[in-house]
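Here's a short tour of one protein model and the molecule it holds. Have the 3D view open while you read, and stop to find each spot as it comes up.

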Amino acid sequence: MSRKKISCYYLSNKSSQNERILHALELLELDGFASSFARLSEEVIASHKTPLDFLELLLEKEILLKEETRIERWLRQARFRRIKTLKDFDFSFQPSIDQTLIYSLAESEFVVKGKNVIFVGPQGVGKTHLSIALGLESINHGHDVRFIRLEDLIENVTKCENDGIRLQRLLASFLRPKLLILDEIDYYTMSDDAKEFLFKLIMHRHNNRTSLIFTSNQEFYEWAVLFGKKHRAAAAMDRIIGNAEIIQIEGESYRLKDKIKKLVN
Ligand code: ADP
Ligand code: MG
């Protein structure tokens, strides 16, 4: 807050006290106070509450609003393709998943500790759904998240190819979030730049102790092709798996569940 702005408050020639207060709250960017002080002050007088009650109510409003704004901003930044929650997930349809484990991951301790989570299994069993749901929980627990499919990451890298500075900026943008979700680690044609990028991303995130969630329908040994040379693949896989919770899902595709029911009946 600059001195100039604050002095505007003293110089302002507002006619009523309410206007002066509102002006000051706007200068201080206390939007929760600003939107509720007039109504709350009337309520507090009517119910014979104390000035400290009034202050406490205003602080609550301000904190709630700031929290809502943070969550909205982080949801936009995360770029989830759709919103999927744990509440919407039918665990009875997928008994191979340990529900208790998923709910303990939702506490986001793995993000605090910089651990990884890997969902492996066939199409439609809920890997992306659960990864987004854990991402949402992380945001609620105060950790920022970025979601991207590997295919889109490769496309982003391709756009920056032969431009070292843009590639570095791109890498920095994927290193920043506390949790990065790399969706659909499946088969892709990758240039040497993309392989190099992915290798650096894994190694730096490991060194920074920041978490990754992977989803894939490929066996681990097939991932090696993503990192180029053999020794690099081994090093990257070691960092990914070494500190990961691996969740193997074996079951039917949820997308096909109604079709399966029809066949059975
Ligand atoms: P995967 O990533 O394993 O291919 P998705 O997570 O994309 O599968 O799931 C496909 C669709 O089915 C999504 O719309 C998802 O929300 C839904 N879905 C999958 N499994 C479940 C489940 N057990 N309960 C509720 N919805 C599910
Ligand atoms: Mg998926």
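Arginine 79 is exposed, with a relative accessible area of 55%. In this predicted model, the residue counts as exposed because its value is over the cut-off of 50%. You'll find arginine 79 in the loop between helix H4 (51-78) and helix H5 (99-105). Now look at its backbone: phi is about 55°, a positive value, although arginine 79 is not a glycine. What's the usual sign of phi outside glycine? Most residues other than glycine have a negative phi.

Glutamate 184 gives you another positive phi, near 60°, and again the residue is not a glycine. Its home is the loop between strand E3 (179-183) and helix H10 (192-207). Is glutamate 184 buried, exposed or partly exposed? With a relative accessibility of 23%, it counts as partly exposed, because partly exposed covers values between the 20% and 50% cut-offs.

Next, head over to strand E4 (residues 211-216), where serine 216 sits. Serine 216 is buried, with just 1% relative accessible area. Which side chain does serine 216 make a polar contact with? The partner is tryptophan 223, and the two side chains are joined by a polar contact of 3.2 Å.

Now for the bound molecule. Ligand 1 takes up the space of the largest pocket. Around it are 14 residues, and the closest are Asp90, Gly124, Lys127, Thr128 and His129. How does that shell split by class? It has four nonpolar, five polar and five charged residues.

Some of the protein's backbone atoms come up against ligand 1 too. Here are three of those pairs:

| Residue | Protein atom | Atom of ligand 1 | Distance |
|---|---|---|---|
| Aspartate 90 | polar backbone atom | nitrogen | 2.8 Å |
| Valine 125 | polar backbone atom | oxygen | 3.2 Å |
| Glycine 126 | backbone N or O atom | oxygen | 3.1 Å |

How much of ligand 1 does the protein cover? On its own, ligand 1 has 550 Å² of accessible area, and the protein covers 90% of that. Aspartate 90 is worth finding twice: it's among the closest residues to ligand 1, and one of its polar backbone atoms is 2.8 Å from a nitrogen atom of the ligand.

Key. Residues numbered from 1 in each chain as written. Chains lettered and ligands numbered in written order. Predicted model: local features only at pLDDT ≥ 70, side-chain atom pairs only at ≥ 80, totals over all residues. Heavy atoms only, no water. Near = heavy atom within 4 Å. Polar contact = N/O pair within 3.5 Å; in protein donor to acceptor, adjacent residues only side chain to side chain. Areas by Shrake-Rupley, 256 points an atom, 1.4 Å probe, with all protein chains shown as cover. 1 Å grid on protein atoms, 1.4 Å probe; cavity = no way out; pocket = protein on both sides within 12 Å on 5 of 7 lines; lining within 4 Å. Sits in = over half its atoms within 2 Å of the grid points. Nonpolar A, V, L, I, M, F, W, Y, C, P; charged D, E, K, R; others polar. Helix = DSSP H or I, 4+ residues; strand = E, 2+ residues; numbered from the N terminus. Buried < 20%, exposed > 50% of the residue type's maximum accessible area, 1.4 Å probe, protein only.
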